Amino acid sequence: MIEARHLRVLRAVAATGSFSAAGRELGCTQPAVSQQMKALEASVGTPLLVRSGREMRLTQAGEALVRHAAGILSGLTAAEEEVAAIAGLRAGRVRLVSFPSGSSTLVPTALAALRAEHPGTRVSLEEAEPPESVEALRAGDCDVALAFRYARVPGSGGAEEWDDLVVRPLLTDRLVALVPERHRLARAGSSGSVAIGELADESWIAGCPRCRGQLVEVCERAGFTPRIDFATDDYPAVVGLVGAGLGVAVLPRLAIESVRPRGARAVTLEPAVRREIVALTLPDLAQVPAVAATLEQLGRAGRAKGELRSM
């Protein structure tokens, strides 16, 4: 195997014409130069220099290797500089996948802060709900996945789902009921909370598949099965349908924060149901500076969101 350090010595010898002069140029001794040249000749299996007294001249193989050495060494230098830039966050790329309400609330804050601190780091964003986003991470199709899981719901996912991943908790998000502003329970948003059983006879509007399963689970625990007349993955559509008086819904607070609920009112729901929002990555990727910086900014965005809610 040809080593870069040996190529550098060969170029110096070819340029200066002697081991001693090459040593002075490289900052090492003449014996060290001689030793490295012997090692290079041993690795390629043929002489590279012809020694005639104090003069050195290249063999045909030596001339070929010197000719290629310039491109090899310049390529290595470019590679070293690029890796150093990535390690120093002067460059780098992060592929982020997020669920929609995270994309519109946590992600903008985090990426704006990341760009301000590390303008050379580029982040791409695609949207997917869990578990698709988690599958994309494991498949190598992204570097960071924003995901969520509900507590105490069979089939919604437990901690064992993510045992092979680095989990960065961001925020605990409580579900709230969304009712038309003229609804009999609309004023409960300022005066107290409502039990989900009080909505048993309503027409329901369901959200994403995982949220839909969560809705059915919570309602069945309260003793009824919701009559779902509309189902859509689009949170603005859910809010619009509620605002038009076509039914009620249960949505995470984060989803409502990303949409202006015209004609609808959010009310506190009992019993309290929460989802844990996290950023996920693979253990090896967590050591990549750009990925680590992205996780840090997502964590800050989540903490800031939680502090605002507690005020």
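**Notebook: aromatic cluster, cavity, overall form, odd spots**

I began with two rings: Phe-99 and Phe-148 are both buried. Here buried stands for under 20% relative accessible area, exposed for over 50%, and partly exposed for what falls in between (1.4 Å probe, protein chains only). I am working on a predicted model, where local features need pLDDT of at least 70 and side-chain atom pairs count only at pLDDT 80 or more, while totals for chains, interfaces and linings use all residues. Residues are numbered from 1 along each chain as its sequence is written, and side-chain values use heavy atoms, with hydrogens and water left out.

**Entry 1. Aromatic rings**

I asked how many aromatic pairs the structure holds. I found 2. Rings of Phe, Tyr and Trp (its six-membered ring) pair if their centres lie within 6.5 Å; planes under 30 degrees apart are stacked, over 60 edge-to-face, and the rest tilted.

Phe-99 pairs with Phe-148 edge-to-face, at 5.0 Å centre to centre and with 80° between the planes. I then looked up where the two rings sit in the chain. Phe-99 is in the loop between strand E3 (93-98) and helix H5 (100-117), and Phe-148 is in strand E5 (residues 144-150), so this pair ties together parts 49 residues apart in sequence. For these labels, helices (H or I, at least four residues) and strands (E, at least two) are DSSP runs, numbered from the N terminus.

Phe-148 also pairs with Tyr-150. That contact is edge-to-face too, at 5.8 Å centre to centre, with 80° between the planes. Tyr-150 is buried, as is Phe-148. I therefore log Phe-99, Phe-148 and Tyr-150 as one aromatic cluster, given that rings pair if their centres lie within 6.5 Å.

What sits over the ring of Phe-148? I found the charged end of Arg-275 there, 4.5 Å from the ring centre. The test I used takes NZ of Lys or CZ of Arg, within 6 Å of the ring centre and within 35 degrees of the ring normal.

**Entry 2. Cavity**

I searched the whole structure and got 1 cavity of 30 Å³ or more. A cavity is a set of points, on a 1 Å grid over the protein atoms alone, where a 1.4 Å probe fits but cannot get out; lining residues have an atom within 4 Å of a point. Points are joined across faces, edges and corners, and the volume is the space filled by probe spheres set on them.

The largest cavity has a volume of about 40 Å³. Which residues line the largest cavity? I listed Tyr-150, Leu-175, Cys-211, Gln-214, Leu-215, Val-250, Leu-251 and Pro-252. Tyr-150 thus turns up again, as a member of the aromatic cluster. Helix H8 (209-221) and strand E10 (249-252) each give at least two residues to the lining. By class, I count 7 nonpolar, 1 polar and no charged residues in the lining. Nonpolar covers Ala, Val, Leu, Ile, Met, Phe, Trp, Tyr, Cys and Pro; charged covers Asp, Glu, Lys and Arg; the others, Gly among them, are polar.

**Entry 3. Whole chain**

The protein chain has 11 helices and 12 strands. I checked the spread next. The radius of gyration is 31 Å, well over the 19 Å from the globule rule for 311 residues, so the chain is more spread out than a compact globule. The radius is taken over C-alpha atoms, and the rule is 2.2 Å times the number of residues to the power 0.38. The C-alpha atoms fill a box of roughly 105 × 35 × 25 Å along the principal axes. Buried residues make up 44% of the 311 residues.

**Entry 4. Backbone**

I looked up cis peptide bonds. Pro-130 and Pro-131 are joined by one, with omega about 10°. Pro-131 is in the loop between strand E4 (122-127) and helix H6 (132-138). Glu-270 and Pro-271 are joined by a cis peptide bond with omega about 0°. Pro-271 is in the loop between strand E11 (264-270) and strand E12 (274-281).

Leu-89 has a phi near 60°, a positive value in a residue other than glycine. I placed Leu-89 in the loop between helix H4 (60-87) and E3. Is Leu-89 buried or exposed? Leu-89 counts as buried, at 15% relative accessibility.

**Entry 5. Spot checks**

Ala-116 is in helix H5 and counts as exposed at 64% relative accessibility. Leu-295, in helix H11 (residues 289-310), is buried with a relative accessible area of 7%. Phe-230, in strand E9 (residues 227-231), is partly exposed at 32%.

Terms used
On a 1 Å grid over the protein atoms alone, a cavity is a set of points where a 1.4 Å probe fits but cannot get out, and a pocket is an open set with protein on both sides within 12 Å along at least five of seven lines; lining residues have an atom within 4 Å of a point.
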